[in-house]
Amino acid sequence: MSSKNPQRYNVTTALPYANGPVHIGHLAGVYVPADIYVRYLRAKEKDVVFIGGSDEHGVPITISAKNEGKTPQQIVDRYHSMIKDSFEELGISFDIYSRTSSQLHHKTASDFFKKLYENNKLIEKTEDQYYDQEANQFLADRYLLGTCPQCGYEKAYGDQCESCGSSLSADELINPVSKLSGNKPVKKSTKHWYLPLDQYEGWLRKWILEEHKTDWKSNVYGQCKSWLDNGLNPRAVTRDLSWGVKVPLEEAKDKVLYVWFDAPIGYISATRELTNDWEKYWKDDDTKLVHFIGKDNIVFHCIIFPSMLKADGDYILPDNVPANEFLNLEGDKISTSRNWAVWLHEYLQDFHGKQDVLRYVLTANAPETKDNDFTWKDFQARNNNELVAIFGNFVNRALVLTKKYYEQQVPTPDTLTESDQEILQQISTYPQSTGEKIERYRLREAQQEMMKLARLGNKYLADNEPWKLIKTDEQRVKSIIYVALQIAAQLAYVCEPFLPFTARKLKDMMNLADRNWDALTTQKLIDPGHKINKATHLFNPIEDHEIQAQYDKLAISKAKNEEAEQNLEPLKEPVTYEDFSKLDLRVATILEAEKVPKTGKLLKITLDTGIDKRTVVAGIAKDHKPEDLIGQKVTIVANLQPRKLKGIESQGMILMANNPDGTLHFVSPEEDSKNGAQVN
RNA sequence: GGCGAGAUAGCUCAGUAGGUUAGAGCGCAGCACUCAUAAUGCUGAGGUCGAGGGUUCGAAUCUCUCUCUCGCUACCA
């Protein structure tokens with residue numbers, strides 16, 4: 001139901017999680033594209049609100065707080081202001097950048113819940129759940145260990161026994177123990193509310209799979225289809241936690257809304273904070289709602305949030321969700337924990353005044369259809385070869401010539417030649433051709449279109465050679481400079497969504513007033529006699545040493561990561577010698593190895609232990625090929641209770657060193673150690 | 001293993017109602033020019049369109065199988 005010409009727009013951006021700063025991956029996928037889109041709409045004088053904010057709830061923030069000995073509020077305060085400031089400095093032109101810890105958000109989210117509750121849109125389930133009195137919290141199934149009632153295995157999880165494969169409920173476990181504290185948990189009854197997503201399946205299928213088959217991106221559509229085909233289940237909207245939006249029910253004082261439920265409501269709260277007229281942006285059919293997000297958020301914005309809005313009944317649904325893929329950095333996945341990222345706040349310090357360069361590079365290389373790679377070398381090349389050499393250079397040429405020949409005044413053209421008129425005609429089409437691409441969310445192409453205009457300018461000057469004609473035909477030169485200045489003026493307007501700082505500078509240099517995008521189709525953007533200001537360079541070359549400094553920075557991260565690998569996992573509790581001596585560790589040699597069918601990582605391995613030949617199943621196929629393993633000496637736990645995996649009985653466990661990068665390596669005895677030798 | 005997305009020039013990417021010599025930008029080579037931050041313009045080289053079958057008069061484009069990358073998920077750790 002894409003209305004071609006809506007009255008107004010509501011553009012939201014994924015709320016960054018306030019547990020760390022923002023990096024180029026976030027920018028390329030979400031904020032820069034959204035900002036381009038919004039600036040374009042504003043240039044067309046459309047009624048638009050551009051919404052952002054920090055997502056400040058959820059368990060990871062409470063963990064960070066605990067680790068640093070601070071309150072969750074202190075953590076989110078720090079990152080919220082950091083994120084907000086750096087967005088502003090980059091020119092991400094939010095109408096409001098709010099936060100989910102605000103009072104208004106708490107009220108909005110809890111009202112939202114309440115309405116669903118009162119209209120019986122939620123399912124209630126009361127269950128006795130295990131509660132850890134020391135850790136002071138309810139225990140999810142996976143945080144419970146106990147004895148399996150089926151096979152007697154002592155370390156079955158609350159939801160499943162990994163030994164015999166039978167699925168369990170936490171209640172069936174014999175002698176359950178909390179994985180958090182090791183204590184015996186107590187039973188406590190707790191009630192939770194669920195959004196019955198399964199009830200929305202038919203409606204979602206029609207809405208997405210039929211009505212948005214052609215206008216949504218294929219990655220978005222495919223993800224949704226996958227989820228819908230797998231079937232949807234009711235999803236709990238409340239949790240037994242303290243950090244978050246309190247559930248507005250007398251009987252649920254100690255519960256909060258699950259973060260996935262409260263976060264998207266943050267869009268609504270932020271709009272509400274922005275304007276008393278907020279409802280027309282959320283409840284009027286003539287509003288076009290667009291969510292800019294990364295691909296990790298597709299299911300929330302295409303399935304869950306729309307179901308929430310539908311459940312409420314008063315809200316409009318997103319017209320499009322142009323989710324982007326991911327951006328890599330120098331060939332490796334961006335990672336906050338490994339500090340493998342270009343942080344926005346650091347970029348702004350290192351490359352002061354070069355906001356537009358980053359915006360340009362991230363747009364040129366935006367992961368619109370597949371994951372892309374950001375490299376500093378590419379960053380430098382695009383700045384030097386495109387922004388400086390093509391864009392900046394053309395503008396400089398046109399303005400310098402104007403200064404040289406006409407004392408900074410736009411000359412009155414002589415009779416315009418046919419080719420002049422053709423050029424003027426051409427430049428008048430750029431706003432529309434660029435705009436069409438923006439409206440289809442093809443921002444990479446749109447930006448290229450803008451650059452074509454600069455190329456056109458360079459070519460026009462080269463073809464007409466005013467520096468030669470000035471000696472022989474002064475009248476003709478007036479026309480040429482006049483036309484060149486029209487191109488430069490158009491460039492100033494058309495580049496605004498992509499390069500707002502540059503647009504400002506260029507407009508100031510040329511003394512241009514702001515203009516409606518749709519009025520740019522005129523062939524005269526700047527009048528004869530119009531005085532322009534002194535030209536300064538719009539862009540400057542980036543030197544090799546500046547790029548090298550960034551590579552050095554990354555190298556430090558890499559080195560630190562390797563160092564950190566030494567002490568990643570904290571030491572476990574001390575054990576007695578008796579505890580240790582219960583283990584029977586032995587040397588063994590791999591005789592045979594083959595993949596277990598229908599699994600990703602499992603290998604069935606036959607071992608010579610000196611005492612016997614036995615079979616173990618090991619989850620190491622990701623790092624080791626079966627054929628390479630024959631003859632490999634290994635250390636095994638020989639007296640581990642056998643357990644069945646995929647129908648094969650595994651009689652022991654091969655010891656593997658688990659590197660922080662997730663790769664597994666054999667703990668291999670020296671070659672001359674004998675099979676069956678005890679390890680102690 | 002299941003599901004989804006992707007694999008096109010050295011690099012980053014376009015390219016579907018299947019149709020003559022597969023495109024752009026950057027990089028590279030040569031030429032021209034000097035107003036401009038040695039910038040610009042022109043010309044050119046460079047591709048078995050991931051591999052292999054199939055449908056078709058004809059496939060980058062439709063279909064099947066396979067390989068690799070990314071994500072979700074399962075199993076595993």
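Good morning. I begin with helix α12, which contributes more residues than any other element to the surface near RNA strand B, namely 12. Please keep in mind throughout that this is a predicted model.

Let me place α12 in its setting. Altogether, 50 residues surround RNA strand B, and K333, T369, N372, R444 and H537 are the closest. Of the strand's atoms that come within 4 Å of the protein, 82% belong to sugar and phosphate. Helix α12 covers residues 376-406. Other elements that supply at least two residues each to this surface include α6 (218-230), α15 (443-464), α16 (466-469) and β21 (643-645).

What is the make-up of this surface by class? It comprises 20 charged, 17 polar and 13 nonpolar residues.

I turn now to individual polar contacts. In the side chain of N396, an N or O atom is 3.2 Å from a sugar or linking oxygen of RNA strand B. For K404, the corresponding distance from a side-chain N or O atom to a sugar or linking oxygen of the strand is 3.0 Å. F539 makes its contact with a base: one of its backbone N or O atoms lies 2.7 Å from a base nitrogen of RNA strand B.

The next topic is a sheet in the protein. Four strands form an open sheet in the order β3-β2-β1-β13, and their pairing is parallel. Why do β3 and β13 each have a side without a neighbour in the sheet? Strands β3 (96-99) and β13 (287-292) are at the edges and have a single partner strand each, so one side of each remains unpaired within the sheet. On average, and ignoring direction, neighbouring strands here are turned by 20° against each other.

Within this sheet, β1, residues 8-13, pairs with β13 in the parallel sense through six bridges. In that pairing, N10 is found opposite L289 of β13. Helix α7, residues 259-274, packs on the sheet and touches β1, β2 (47-54), β3 and β13. The direction of α7 makes about 120° with that of β2.

I close with confidence. The model has an ipTM of 0.89 and a pTM of 0.82. Chain A has a mean pLDDT of 86, with 87% of its residues at 70 or more. Over residues 161-168 the pLDDT is below 50, and this stretch has 33 contacts in the model beyond near neighbours in sequence. Residues 566-570 also stay under 50 in pLDDT, and for these the model has one contact beyond four places in sequence.

Thank you for your attention.

How values were computed: Residues are numbered from 1 along each chain as its sequence is written. Chains are lettered from A and ligands numbered from 1 in the order in which they are written. This is a predicted model: local features need pLDDT of at least 70, side-chain atom pairs count only at pLDDT 80 or more; totals for chains, interfaces and linings use all residues. Side-chain values use heavy atoms; hydrogens and water are left out. A residue is near a molecule or strand if one of its heavy atoms lies within 4 Å of it. A polar contact is a pair of N or O atoms within 3.5 Å; within protein, one must be able to donate a hydrogen and the other to accept it, and residues adjacent in sequence count only if both atoms are side-chain atoms. Ala, Val, Leu, Ile, Met, Phe, Trp, Tyr, Cys and Pro count as nonpolar, Asp, Glu, Lys and Arg as charged, and the others, Gly among them, as polar. Two strands pair if DSSP finds at least two bridges between them. Axes are lines fitted to C-alpha atoms, for helices over the stretch in contact, and angles run from 0 to 180 degrees between N-to-C directions. Contact means heavy atoms within 4.5 Å. pLDDT is the predictor's confidence in each residue, from 0 to 100.
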